[in-house]
Amino acid sequence: MLRSLANWQKGVIFYVLTMIMALAVVIFGPDREGPLQILNMLTPTVGVLLMLLVVTPDGYHRSGWAGLALHRPGWRAWPLALIAPTAILCVSYGVAWLVGVLSWNFEQDFVINLVITILINSVFAIFEEIGWRGYLLPHFGAPGNFGAALLVGFLHGVWHLPLMLMTTAYNPAGNRLITVPIFLAVLTGAGVIYAYLRWTSGSIWPVIIAHGTFNAVLGSFAAAAVIPDAAAAAYLTGETGLFTLAGVGITAFLLARRYPSVRSVESDEGQPAAARSRGKGT
């Protein structure tokens with residue numbers, strides 16, 4: 001085990017291991033789309049386990065697991081975690097509908113199915129966010145570090161590229177020279193939003209909910225949309241669309257303006273600084 005690594009070095013090793021596993025899944029994994037995507041989602045969690053239990057001894061101490069911020073619910077950030085991705089995609093798909101790129105064919109039980117889908121997607125998002133905002137973000141920067149938020153968002157996007165470029169299982173529509181840069185920009189901006197949720201709540205659960213909600217609303221809208229030209233729709237909405245990028249960018253900008261106020265929100269164990277001060281009687 002390596003015992004004298006700096007935080008950023010641990011982050012780099014984690015990312016390299018996770019990317020290697022992502023490439024291995026794409027090259028050697030199943031041909032079916034569903035199992036392939038699920039295996040890919042698991043790679044960040046496996047990367048964290050390797051870092052905590054094999055590469056370093058961090059997992060043999062309580063603080064190593066506490067750093068993942070799974071032990072606090074972060075209830076107050078849940079409304080924003082649900083509303084922000086839903087609003088972004090409602091605007092994105094709504095504008096696409098207004099300009100005639102798509103039409104709608106909603107089923108009667110759309111809302112009920114959406115709620116169920118949010119729950120299911122949030123469960124799967126656990127496996128990703130344990131790695132990205134649970135492990136990697138704190139190792140690349142302290143709360144309020146805008147550069148760390150951007151970097152982790154970008155690296156999260158890059159992690160998708162083997163699946164996106166080497167298979168047809170993920171965002172296959174459109175020219176990759178157009179969709180990939182937009183996709184990376186969307187994920188980079190989303191990293192700013194997710195980091196804000198992580199830091200202001202001291203918990204990873206709001207990030208998991210936001211990630212799961214985004215995926216669920218995206219999938220539900222895509223299923224309900226009638227799209228004559230898949231490539232045109234891909235350039236404007238969804239994960240690779242300019243309208244989505246605009247919504248994510250505006251939201252990220254508004255939240256990033258509040259970053260200076262969250263620099264001391266979270267302690268090493270994920271407890272808000274204000275609570276620590278009250279506990280000390282100051």
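What is the volume of the largest pocket? The largest pocket has a volume of about 1000 Å³. This model is predicted. The briefing covers that pocket, then two residues with positive phi values, A69 and N171.

**The largest pocket: lining**

- The lining holds 50 residues.
- Among these residues, Y170, N171, L218, G219 and E239 are the closest to the centre of the pocket.
- By class, the lining residues split into 32 nonpolar, 15 polar and three charged.

**The largest pocket: helices**

- Helix α8 (205–224) gives the largest share of the lining, with eight residues.
- At least two lining residues come from each of α2 (33–55), α4, α5 (110–140), α6, α7, α8 and α9 (230–236).

**N171: a pocket residue in a loop**

- N171 sits in the loop between α6 (146–166) and α7 (176–201).
- Both of these flanking helices, α6 and α7, also supply residues to the pocket lining.
- The phi of N171 is positive, about 45°, yet N171 is not a glycine.
- N171 is also one of the lining residues closest to the centre of the largest pocket.

**A69: a buried loop residue**

- A69 lies in the loop that runs between α3 (62–66) and α4 (78–98).
- Phi of A69 is near 65°, a positive value, and A69 is a residue other than glycine.
- Is A69 buried or exposed? A69 has a relative accessible area of 0%, and buried means under 20%, so A69 counts as buried.

Technical notes:
Residues numbered from 1 in each chain as written. Predicted model: local features only at pLDDT ≥ 70, side-chain atom pairs only at ≥ 80, totals over all residues. Heavy atoms only, no water. Helix = DSSP H or I, 4+ residues; strand = E, 2+ residues; numbered from the N terminus. Buried < 20%, exposed > 50% of the residue type's maximum accessible area, 1.4 Å probe, protein only. 1 Å grid on protein atoms, 1.4 Å probe; cavity = no way out; pocket = protein on both sides within 12 Å on 5 of 7 lines; lining within 4 Å. Points joined across faces, edges and corners; volume = space filled by probe spheres on them. Nonpolar A, V, L, I, M, F, W, Y, C, P; charged D, E, K, R; others polar.
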